[in-house]
Amino acid sequence: PVMFAFFVMGFVDLVGTATNYVKAEFGLADGTANLFTTMVFFWFLIFSVPTGILMNKIGRRKTVLWSILVTLVAMALPIIAYLLCPMKSTVQLVLIVISFAFLGIGNTLMQVSLNPLLTVFVKGDKLASTLTLGQFVKAFASLFAPWIAMWGANSISAFTYTNADGKQVGMWWILFVIYFIVGILGYVLLAFDKIEEPAPDAGTTTIGRCFKLLFSDRIVLLCFLGIVAHVGVDVAINAQAPRILTEHTGDTFTAIASSATMVYFVARMIGCFTGGIVLQKISNKLGVRICGVIMTLSAICFAIFTLVPTNPPVWLFWVAVALVGFGNSNVFSLFLSHALMYRPDRQNEISGLMLMGLIGGAIFPPIMGAAADVAGQFGGILVMAIGCLYVLVVGFAYRVLESGKKPVEA
């Protein structure tokens, strides 16, 4: 049931697929449509730490159950919008936007509570491999979403409509119906599962106490920055990679975007699957070093590709995309597991702090885009390289994560 919950966690990635259909349906501008995905990361900043506090009061399993309920609300709202509201009406769009907000809130609750729930079953270096296995399960939901929507749009004509581009579109939102049913199954499985959880975190948990822990403990802060770097690179490459290739080859953006994103996610899935096996046999230190080397090699390949003025070797771009997807796939699990195991008495709070690091997904892309405007795509790659180099440096100076002294009371 816990691993099944990781599949439900992957529902959040359907927002990218849904945004494409909603944008075409309502004729939205790119900037307006992009706010849908930004909305997901915004809630990590607001709710991550409070969720860690909530876990101390009701437990990790119950917090995951609440997160699934919020996610089910997010799945239900578009179904209501398309069944009961006039097509392309303001009410319909408002319900979809509210759905995306609930999706982000539910995913925040789930990310913060589900990852430390695994520590009940797994300890030590094996935690990183198990967290990676959970990310592998989550990736299936991410991969299935666009295919289910495409199948519904092309095959189910019961609710066919004409979008703003004049194209006939079928029932793409069958995606929400299917995931709603799967979400109910996930809730039932976990609700009837009995898990003996550890006692709540030591002491009185407050938001101020959580942030004091972040800034008073070097190891917690370094792990937090590692997750910021991981998510920043992840989201930035998803946004920027198609543009890098488009500007250097002259191909159309739409033809390239799907291919670059697909290669990236396939590489991530392979990385998660490999990590789930290999990280059981090697130390976290070696794992971070390997990830740092692979990510830095990716940044070098991207840089060379962007610096070649005419006819750059396109294979170099695809190698770079594959390397960053593969190398970055295990960074989250490695830093999160180290932080959770470092302070087992404060796991609920630390989980909230670490997941707040997902705000990196809202920080890196605009900086990378601004740098690209000033210095071309090479400037954007330099921003991405900061995240890659951070992982590399921490990997080869891993003692900074091992030699810190725990504060008596943060």
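Helix axes here are lines fitted to C-alpha atoms over the stretch in contact, and the angle between two of them runs from 0 to 180 degrees between N-to-C directions. The exercises below use a predicted model.

**Exercise 1. Describe how helices α5 and α14 pack against each other.**

Step 1. Two packed helices are described by the angle between their axes and the distance between the axes.

Step 2. For helix α5 (residues 90-117) and α14, the axes come within 9 Å and cross at roughly 130°.

Step 3. Angles over 145 degrees count as roughly antiparallel, 65 to 115 as roughly perpendicular, and those under 35 as roughly parallel, with the rest oblique. The pair α5 and α14 is therefore oblique.

Step 4. The crossing of α5 and α14 is right-handed. On the α5 side the contact is made by Q111, V112, N115 and P116, and on the α14 side by S351, G352 and L355.

**Exercise 2. Summarise the protein chain and state where confidence is lowest and highest.**

Step 1. The protein chain has 16 helices and two strands. Of its 410 residues, 57% are buried.

Step 2. Among contacts with a separation of 6 or more, 82% come from residues 24 or more positions apart.

Step 3. The mean pLDDT is 84, and 90% of the residues reach 70 or more. Strand β1 (residues 161-162) has the lowest confidence, with a mean of 66, while helix α7 (residues 174-191) has the highest, at 96.

Step 4. Where pLDDT is low, the predicted coordinates should not be read in detail.

**Exercise 3. Find how many salt bridges the whole structure has, and examine three pairs.**

Step 1. Side chains of opposite charge can pair when their charged atoms come close. A search of the whole structure gives four salt bridges.

Step 2. One salt bridge joins the side chains of D13 and K138, at 3.3 Å from N to O. D13 sits in the loop between α1 (2-9) and α2 (14-26), and K138 belongs to helix α6 (residues 126-155), so the pair links distant parts of the chain, 125 residues apart. Buried means under 20% relative accessible area and exposed over 50%. At 28%, D13 is therefore partly exposed, whereas K138, at 12%, is buried.

Step 3. Another salt bridge pairs D217 with R343, at 3.9 Å from N to O. D217 lies in the loop between α8 (207-216) and α9 (218-249), and R343 in the loop between α13 (331-342) and α14 (347-356); this pair also links distant parts of the chain, 126 residues apart. Both D217 and R343 are buried.

Step 4. In the salt bridge of E349 with R346, the closest N and O atoms are 2.5 Å apart. E349 and R346 are both buried.

**Exercise 4. Is L358 buried or exposed, and which residues does L358 touch?**

Step 1. L358 is located in the loop between α14 and α15 (360-375). Its relative accessibility is 7%, so L358 counts as buried.

Step 2. Leaving out residues up to four places away in sequence, L358 touches F41, F44, Q111, I227, V231 and F332.

Step 3. L358 and V231 are 127 residues apart in sequence, yet their C-alpha atoms are 5.8 Å apart in space.

**Exercise 5. Where is N328, and which residues does N328 touch?**

Step 1. N328 is part of helix α12 (residues 314-328). With a relative accessible area of 0%, N328 is buried.

Step 2. Not counting residues up to four places away in sequence, N328 touches H230, V233, D234, Y264 and M295.

Conventions. Residues numbered from 1 in each chain as written. Predicted model: local features only at pLDDT ≥ 70, side-chain atom pairs only at ≥ 80, totals over all residues. Heavy atoms only, no water. pLDDT = per-residue confidence, 0-100. Helix = DSSP H or I, 4+ residues; strand = E, 2+ residues; numbered from the N terminus. Buried < 20%, exposed > 50% of the residue type's maximum accessible area, 1.4 Å probe, protein only. Left-handed = near helix turned anticlockwise from the far one by under 90°. Contact = heavy atoms within 4.5 Å.
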